[in-house]
Amino acid sequence: MNSGRTMEDEDILPPAVLASMLMRMFEFAPIAMAITTSDTKTSSYAKVNDAYLKLTGLKWENIRGKKLTSEGAAIDNPARDRRHRLLAEEGAYELEEVDIAYADGTIIPTLISAQRTVVDGVSFDVEVIVDVSARVRQQREIENALKTSARTDALSGLPNRACFDEVVADSVARSMLNDRKLALAFIDLNGFKAVNDTLGHAAGDEVLRTIASRLRESFRATDFIARIGGDEFVVLLDIDLKLAGDLQQNLQDAMERVFKPIALDGRLTYTGAAVGVTFLRPDDTPATFVRRADEYMYIAKTTEQRVAVVCFGQIMETGALPSRRTRRNETA
C-alpha cells in the first residue's frame, strides 16, 4: 500500500548516519572546536576535539565537566562577558579576537566564532577557534621591520636622526637617575665635499659607509652611533664615573682610527672631521645637551685642521693626523 511518501520527502542521510558523520567531523577537524554549557560564569566543558586539546595543552580527563575559567583555557574578563551577551542577544558571534591561555601559561592569540544552540531545553555554545599566533608574529615582524626601517639610515646602516632624537631623550632622562656620565660627540666631516666634487657621489657614499664602519669598530657595542645628516654623525656614550677621565684620550684614539686615509679607486682621500664633545650637565635638556656639542663642533671647525676635536670647550691635540692644509689637494 502506497503511503503517499515520495523520494523528495525522504532524507538522503538518515539522522543517525548524519549525526555520526558530524561527530567524526567534529572530532577530527584540524581546527579547534569546543561545546560548552552556556552560563556566563559557570560555563563548563561538554565536549572538545583533539585540535582543541592540542591548542590549549589540556587533557580531556582533567577538564571534563569543569568550568572553563577554573581550568585555565578561558580568561574571565569583560571581553568574555561581552561575547556571552552577544550569544544571549543575537545567538552567535564571528571572528572575535581572543587570547587564550595554554596549559603552561603561554598566551595564544586566536579568532573565535560561536553559536548558541538549545537541545531539549538545555543551552549549549559551539565554538570554533582558529590559532592566529603565526599570523600575529608575522604582522609584528613586518611592523618591527617597518619601524626599524623608519629609524635607520639606508646608506650607512646606522640609526638616523629620528632614532637619535628618541634615544638621546631617553638617555638624558635615565642619566639623571643614576651616577654615570653621559657624553655626546657631534661629528661633522671636513673635506667631504671635495670627495663628491672630484670623485663623484658614489665615492662620497663609499666614504660615508667606511666612516660608519670605522665608528662601529672604534667604539663599544653599548655606545650609540647615528648618522643624523648628510655628513654628520653622533656618538652617545654612557660612561662609568670611574672611567670618565679617560674619555678625552679614548676619543682622540678613536678619531685617529676613524679618519685614517681611505683608498678609493687607487687614490687616497683624506676626509677629516670637526668633533664637539660634551658631558651632560644637571640642568640640561636633550636640546641643550645636543646644542652644546654642536657649538663645540663649530669651534673645532674654526681651527681648519683636518681632524679637530673640541672636548668640553678645549681644543685637543690630534697627534699624528695630517693637517687639513697639507692634504687639501690629495683627493684630486
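Which residue of β2 is the bridge partner of Thr36? In this predicted model, the partner of Thr36 in β2 is Tyr45, and that pair serves here as the entry point to the sheet described below.

## Confidence of the model

The chain has a mean pLDDT of 85, with 88% of its residues reaching 70 or more. Confidence is highest in strand β7 (residues 224-227), at 96, and lowest in helix α4 (residues 68-71), where the mean is 63. Over residues 320-332 the pLDDT falls below 50, although this stretch has 30 contacts in the model beyond near neighbours in sequence. Where pLDDT is low, the predicted coordinates should not be read in detail.

## The five-stranded sheet

An open sheet is formed by 5 strands in the order β2-β1-β5-β4-β3, with antiparallel pairing. Its edge strands are β2 (45-48) and β3 (92-101), each of which pairs on one side only. Direction ignored, neighbouring strands of this sheet are turned by 30° against each other on average.

Strand β1 (residues 32-37) runs antiparallel to β2 and is joined to β2 by 3 bridges; in β2, Tyr45 is the bridge partner of Thr36. Helix α5 (residues 78-90) packs on the sheet, where α5 touches β3, β4 (107-119) and β5 (122-131), and the direction of α5 makes about 160° with that of β3.

## The six-stranded sheet

A further open sheet consists of 6 strands in the order β7-β8-β6-β11-β12-β13, and here the pairing is mixed. The edges are occupied by β7 and β13 (314-316), each with a single partner strand, so one side of each is left without a neighbour in the sheet. Neighbouring strands of this sheet are turned by 20° against each other on average, direction ignored.

Within the sheet, β6 and β11 pair in the antiparallel sense over 8 bridges, and the bridge partner of Ile187 in β11 is Val275. Two helices are described against these strands: α9 (residues 201-218) lies across β6, β7 and β8 and runs at about 5° to β8, while α11 lies across β6, β8, β11 and β12 and runs at about 140° to β11.

## Helix α11

Helix α11 (residues 286-302) has 17 residues and reaches 25 Å from its first C-alpha to its last, which is close to the 24 Å expected at 1.5 Å a residue. The buried residues of α11 are Phe289, Val290, Arg292, Ala293, Tyr296, Met297 and Ala300. They cover an arc of only 160° around the axis, which puts them on the same side of α11. An α-helix has 3.6 residues a turn, so residues three or four places apart point the same way.

The partners of this buried set are β6 (181-190), β8 (232-239), β11 (272-279) and β12 (307-311), together with helix α7 (161-175). Just after α11, Glu304 takes a positive phi of about 60°.

## Helix α8

In helix α8 (residues 192-199), the buried residues are Phe192, Val195 and Asn196. Their directions span an arc of only 95° around the axis, which puts them on the same side of α8. Turned away from this buried side is a face that carries the exposed residues Lys193 and Asp197.

The buried residues of α8 pack against β6, α9 and β10 (267-269), and β6 is also among the strands that the buried residues of α11 pack against. Just after α8, Gly200 takes a positive phi of about 100°.

Conventions:
Residues are numbered from 1 along each chain as its sequence is written. This is a predicted model: local features need pLDDT of at least 70, side-chain atom pairs count only at pLDDT 80 or more; totals for chains, interfaces and linings use all residues. Side-chain values use heavy atoms; hydrogens and water are left out. Helices (H or I, at least four residues) and strands (E, at least two) are DSSP runs, numbered from the N terminus. The expected span of a helix is 1.5 Å times one less than its number of residues. Buried means under 20% relative accessible area, exposed over 50%, partly exposed in between (1.4 Å probe, protein chains only). The arc is that of the directions from the helix axis to the C-beta atoms. Contact means heavy atoms within 4.5 Å. Two strands pair if DSSP finds at least two bridges between them. Axes are lines fitted to C-alpha atoms, for helices over the stretch in contact, and angles run from 0 to 180 degrees between N-to-C directions. pLDDT is the predictor's confidence in each residue, from 0 to 100.
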